[in-house]
Amino acid sequence: MQPHREEVHGLSSVVHASLPFAIPRHMSFVLHGIGVSGGIAIGRAQLVSHATLEVAHYSITPAQVPGEIERLTQALKAVQKELESLRGAMTAGDAPAEFGAFLDVHWMILTDPVLREMPKRTIAEQLCNAEWALTQQLSVLVEQFESIEDPYLRERKADVVQVVERVLKVLMGNPGNVGPANAEEHTILVAHDLSPADVIQFKNHHFAAFLTDLGGVTSHTAIVARSLNVPAVVATHNARALIRENELLIVDGGRNVVIVNPDRSVLAEYRVKQDELELERQKLRRLRTTPATTLDGCRVELMANIELPEDLEQAIENGAAGVGLFRTEFLFLNRDGLPSEDEQFEAYRAVASGMKGHPVTIRTFDLGADKHKEGLDGLSRVAPNPALGLRAVRFCLAEPRLFLTQLRAILRASHYGQVKILLPMLSSVGEIEQALALISQAKESLREQRAKFDPGVEIGGMIEIPAAVLSIGAFTTRLDFLSIGTNDLIQYTLAVDRADDAVSQLYDALHPAVIKLIALAIATANKAEVPIAVCGEMAGEARLTRLLLGMGLTNFSMHPAHLLSIKQRVLASDIGVAKPIVGRMRRTDEPAKLVALLEKLNAG
Ligand code: PEP
Ligand code: MG
């Protein structure tokens, strides 16, 4: 698809051309994407390179060859040292034996002459940079592995890719060539693609906004972007190629656009809009301590989703009634090795005590699919379909030692607050029972060690697979509470990858099948008197608040930045009025009728 290029005349823009290349410097144009985080940012572009995706290719002179070879040698040495220290830490720690074996395989690949020597020859013969020589060798190796018949050996291709990526990261100035931690407040990141792990690193940077070519509205990248509380536009298709370093940009997350090199009048209009948004934000802040009660007197719990303990501050600032979802897998990303039980315990305890008696729902880690962790063998990025593969609770059950370490850490933290355990991506009774057995085992081991924990800690399950909704009776009888993960529920109901912008137009929270499933889950749980929440992105969308209230939902968990606008919506809603309209929405299979009914629901 060609990028949509427009010349900007004031705020009304005229479609001008669709040729992506040879844009004159300083020409003003607009890029369209999906705004995943609202607000307006004005700043200068900083282009991000990322590992193998964007390996630079440049020529060098014969005189530069020894220096380039030395650069490669040093990068290989650095990774070798990294692997050796990981291996050392593993011998001392409690990690499963498979990790050691996995590291040994990586060490062998790294020290093999085909990876060490061939790229050096390429540098000398082709007079090219080290990164390019290394990726060329990678292509040769991948091709060779793909033709191997033995499935075990064929799978080692993924290891080769991972090893090469490690070396590339060192060569390219890990991590991903992003700016220093004190980067200017008015810097806007522009990348082809970012993983959730990349984005979480930006929590320490002060970027004004960011843009990516790829991504979907509920991709984990977008979710983490939202948690940075800066405007973000994904799925721009060509931002990385069209925007130049240091160009002036306006990112309007609410209107899904990026204006490159805006003229003075556009800039002035956007500065006014920015001030208006700030005023609105200040008004909302006054609702911080107001109880979230509907017009007809129903009390609603508005909780926060967090990724790291540092996010707690924002949750409290926005008046969260508790933490409804702590996505613990982010503690595992962007680091060598795995967090120990004590390290995890400290993180969970900080959140549990920080919420001062309010509930803290800690989800056991949901690694896999796009939340890839280097070094965990089962979580292959090249699995045939990672979203349907070994992810979340499936991975935990396959790696019980890892899971038990986390469970013990959570249970120990339960002594310091009102902690609940939430299990992600459950699909069957078998999984629930296995997970419950492991929780009992973790409790038993703590009892033996006389460690303190809350023996009555509540255990809940996420409802994010249609199979779980359709057999929810088995969940309500075995679990203390439920939480609907609409991001995944939509993905798995509609067979639309939530992170793939090529199908993002099909990802639809208002699909009749999705509405029916969510309504069925809420109604069944309410009837069984098992508390149920929604913690997917739908919970933070004001246009869907009345829909969820009308289905009988009274517990919402969302990104802290949305808490106050959702509270404002709750305060202006009447469940008695919403219910009959929502009943009609549940019964129809016609998308147009659904949209019309939603408009009716939101009128007034
Ligand atoms: C969900 O799927 O809706 C959810 C809350 O979990 P995550 O977004 O982390 O997959
Ligand atoms: Mg999910």
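Asn 129 sits out of reach: at 0% relative accessibility, this residue counts as buried (under 20% relative accessible area; over 50% is exposed and anything in between is partly exposed, using a 1.4 Å probe and protein chains only). Its place is in the loop between α4 (118–126) and α5 (130–146). Helices (H or I, at least four residues) and strands (E, at least two) are DSSP runs, numbered from the N terminus. Arg 71 is 58 residues from Asn 129 in sequence, yet the C-alpha atoms of the two are 9.5 Å apart in space.

A word on the ground rules: this is a predicted model, where local features need pLDDT of at least 70 and side-chain atom pairs count only at pLDDT 80 or more, while totals for chains, interfaces and linings use all residues. Residues are numbered from 1 along each chain as its sequence is written, chains are lettered from A and ligands numbered from 1 in the order in which they are written, and side-chain values use heavy atoms, with hydrogens and water left out.

Two other loop residues have a backbone quirk. His 237 has a phi near 70°, a positive value in a residue other than glycine. This histidine lies in the loop between β8 (232–234) and α9 (239–242) and is partly exposed, with a relative accessible area of 33%. Ala 495, also not a glycine, has a positive phi near 55°. It is found in the loop between α18 and α19 (512–527), and at 71% relative accessibility it counts as exposed.

Strand β12 is another story. Five of its five residues are buried, so the strand is largely enclosed by the rest of the structure. β12 pairs with β11 (residues 301–306) in the parallel sense over three bridges (two strands pair if DSSP finds at least two bridges between them). Here Phe 326 of β12 is the bridge partner of Ile 306. β12 also pairs with β13 (residues 359–363), again parallel and over three bridges, and Arg 327 has Arg 363 of β13 as its bridge partner. Helices join these strands up: β11, α11 (residues 312–317) and β12 make a right-handed β-α-β unit, and so do β12, α12 (residues 341–354) and β13. Right-handed here means that, with the strands pointing away from the viewer, the path from the first strand over the helix to the second runs clockwise.

Next come the empty spaces. A search of the whole structure finds five cavities of 30 Å³ or more. On a 1 Å grid over the protein atoms alone, a cavity is a set of points where a 1.4 Å probe fits but cannot get out, and lining residues have an atom within 4 Å of a point. Grid points are joined across faces, edges and corners, and a volume is the space filled by probe spheres set on the points. The second largest cavity has a volume of about 80 Å³. Of the 15 residues that line it, the closest to its centre are Arg 327, Arg 363, Met 462, Glu 464 and Asn 487. β12 (323–327) and α18 (486–494) are the elements that give two or more residues to this lining, with α18 giving the most, three residues.

Finally, there is a metal. Glu 464 (OE) and Asp 488 (OD) are the protein donors of the magnesium ion (ligand 2), lying 2.0 to 2.2 Å from it. Donors are N, O and S atoms within 2.8 Å of the metal (3.2 Å for Na, K and Ca), and water is not among the atoms, so sites may look incomplete. Both Glu 464 and Asp 488 are buried.

Conventions. On a 1 Å grid over the protein atoms alone, a cavity is a set of points where a 1.4 Å probe fits but cannot get out, and a pocket is an open set with protein on both sides within 12 Å along at least five of seven lines; lining residues have an atom within 4 Å of a point.
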